[in-house]
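Q: Please take a close look at a single part of this structure, and then place it in its surroundings.
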Amino acid sequence: MSETETPPELDRVADAPHPRETTVLYGQEHSEKLFLDAWAGERLHHAWLLRGPKGIGKATLAYRMARAILADGPVQEASLFGGPAVPQTLESPADCPIAQRIRAGSEPRLSVLRLGYNPNTGRPRTQVVIEDVRATKSFLQLSAADGGWRVVIVDAADQMNRSAANALLKILEEPPERVLMILISHAPGGLLPTIRSRCRFLDLSPLNSADLSKALAQTEIDVAGRDKAALAELAGGSVGRAIELIKGDGLDTFAKLVGMMQTGRVNRHDMGVLSAKAGGASGAQHYAMISDLLQVLVGRLAHAAATGLPPPPAAPQEPELMAIAAASPAQAPYWADASARIGQSLRHAMAVNLDPSQTIIDTLLDLDTVLGEVRRAA
């Protein structure tokens, strides 16, 4: 990368618009209404924590909130007819100058705290560090030119290291006037309890199949010919995860995993073919996808056995596998144990850089043993 070339944004998903560029948010009408109701009722808390799985629209909602608040204008004295009305929606006109500046990343009253690059090495950081929070604090020390709102979006709060989290906490404890803090969290249980206690929560839900399809239509991802029901099942209502599944050929990989186990045994030939894809320099993406989908499949089997409610199939042969391996509550403990064990072993293999192909083989052989146990337990 040349010195003049702009580095890629670390919070941008390839082939999808950035959340600040996304004009429509699907499936989160309830959360939007809660925010608008609080605003209209003059209960607009200074800090909001948007919670939910990754990829369901939290950042898109944050930018919609920011656009609406910043368009609210400067402080005005109450008149005979009252102050400015709270909007009924978070939609912004296409020609709104504030919306245009936010889309371009040039709105001076909006600060975004997110992963960046190490200025000394030029490499992407894996954590939000205290220097990033100090930049946000400097932004907040400046007054808005028109006396209006300022907004800080933290995307994602989970990525802050301890020092950064403590520095952000001090801002939350003594918030400046007319500042709205919007924190995004995929795993809020890992945040400092003191940060959570100073925020009002907005819980976002995974998208249903129809809303997921509409959201994907806003991206550059081609979903033609895809099994949309299966995609919704494996994506868990997350647009980001759906994109990963499509780009990584996840639907086909999941179907192969199910197919090689549908008889109640792991097909050795299919196991060898699939594990070979995980090896070599070009196999990292396949390895990550296979590892992830193995855990998804075991989780689905555990849930079906425990509840007696098989999920909608995400692969053609999945009902046959469920009928053999997840038809009785007696089979559930085996899958629950396998889920914990396999998840731990895959994480360990990645941490110590074990051979990917052999790791997949070992995991599938482990599942073959479990399949034998659950057949006997039925």
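Which residues do ring pairs link into a cluster?

A: The cluster consists of F35, W39 and W48, joined by ring pairs. The model is predicted: local features need a pLDDT (the predictor's confidence in each residue, from 0 to 100) of at least 70 and side-chain atom pairs count only at 80 or more, while totals for chains, interfaces and linings use all residues. Residues are numbered from 1 along each chain as its sequence is written, and side-chain values use heavy atoms, with hydrogens and water left out.

The structure holds two aromatic pairs (rings of Phe, Tyr and Trp, the last by its six-membered ring, with centres within 6.5 Å; planes under 30 degrees apart are stacked, over 60 edge-to-face, the rest tilted). One is the tilted pair of F35 and W39, with 6.0 Å from centre to centre and 55 degrees between the planes. Both residues belong to helix 1 (residues 29–40), four residues apart, or about one turn of the helix. Helices (H or I, at least four residues) and strands (E, at least two) are DSSP runs, numbered from the N terminus. F35 counts as buried because its relative accessibility is 0%, and W39, at 8%, is buried too; the cut-offs are under 20% relative accessible area for buried and over 50% for exposed, with partly exposed in between (1.4 Å probe, protein chains only). F35 also pairs with W48, here edge-to-face, at 5.2 Å between centres and 75 degrees between planes. This pair links distant parts of the chain, as F35 is in helix 1 and W48 in strand 1, 13 residues apart. Like F35, W48 is buried.

Strand 1 leads on to the sheet. Its five strands form an open sheet in the order 2-3-4-1-5, with parallel pairing (strands pair if DSSP finds at least two bridges between them). Strand 2 (110–114) and strand 5 (200–203) are the edge strands, each pairing on one side only. On average, neighbouring strands are turned by 20 degrees against each other, direction ignored; axes are lines fitted to C-alpha atoms, for helices over the stretch in contact, and angles run from 0 to 180 degrees between N-to-C directions. Five bridges hold the parallel pairing of strand 2 with strand 3 (residues 150–155), and D155 in strand 3 is the bridge partner of R114. Helix 5 (residues 162–173) packs on this sheet, where it touches strand 1 (47–51), strand 2, strand 3 and strand 4 (179–185), and its direction makes about 140 degrees with that of strand 4. Contact here means heavy atoms within 4.5 Å.

A further ring is met by a charge: R51 lies over the face of F201, 3.8 Å from the ring centre. The criterion is NZ of Lys or CZ of Arg within 6 Å of the ring centre and within 35 degrees of the ring normal.

Two backbone details belong to the loops around helix 5. D155 and A156 are joined by a cis peptide bond, with omega about 5 degrees; A156 is in the loop between strand 3 and helix 5. R178, in the loop between helix 5 and strand 4, has a positive phi near 50 degrees although it is not glycine. Most residues other than glycine have a negative phi, and most peptide bonds are trans. With a relative accessible area of 23%, R178 is partly exposed.

Y63, in helix 2 (residues 58–70), is buried because its relative accessibility is 3%. Leaving aside residues up to four places away in sequence, Y63 touches H18, P19, R20, I102, L110, V112 and I153.

Elsewhere, helix 9 (residues 239–247) is mostly covered, with seven of its nine residues buried. Its buried residues pack against helix 7, helix 8 (228–235), helix 10 (250–261) and helix 12 (284–307).

As for confidence, the mean pLDDT of the protein is 91, and 94% of the residues score at least 70. Among the elements, strand 1 has the highest mean (98) and helix 7 (residues 209–217) the lowest (90). Residues 75–83 have a pLDDT below 50, and this stretch has three contacts in the model beyond near neighbours in sequence. Where pLDDT is low, the predicted coordinates should not be read in detail.
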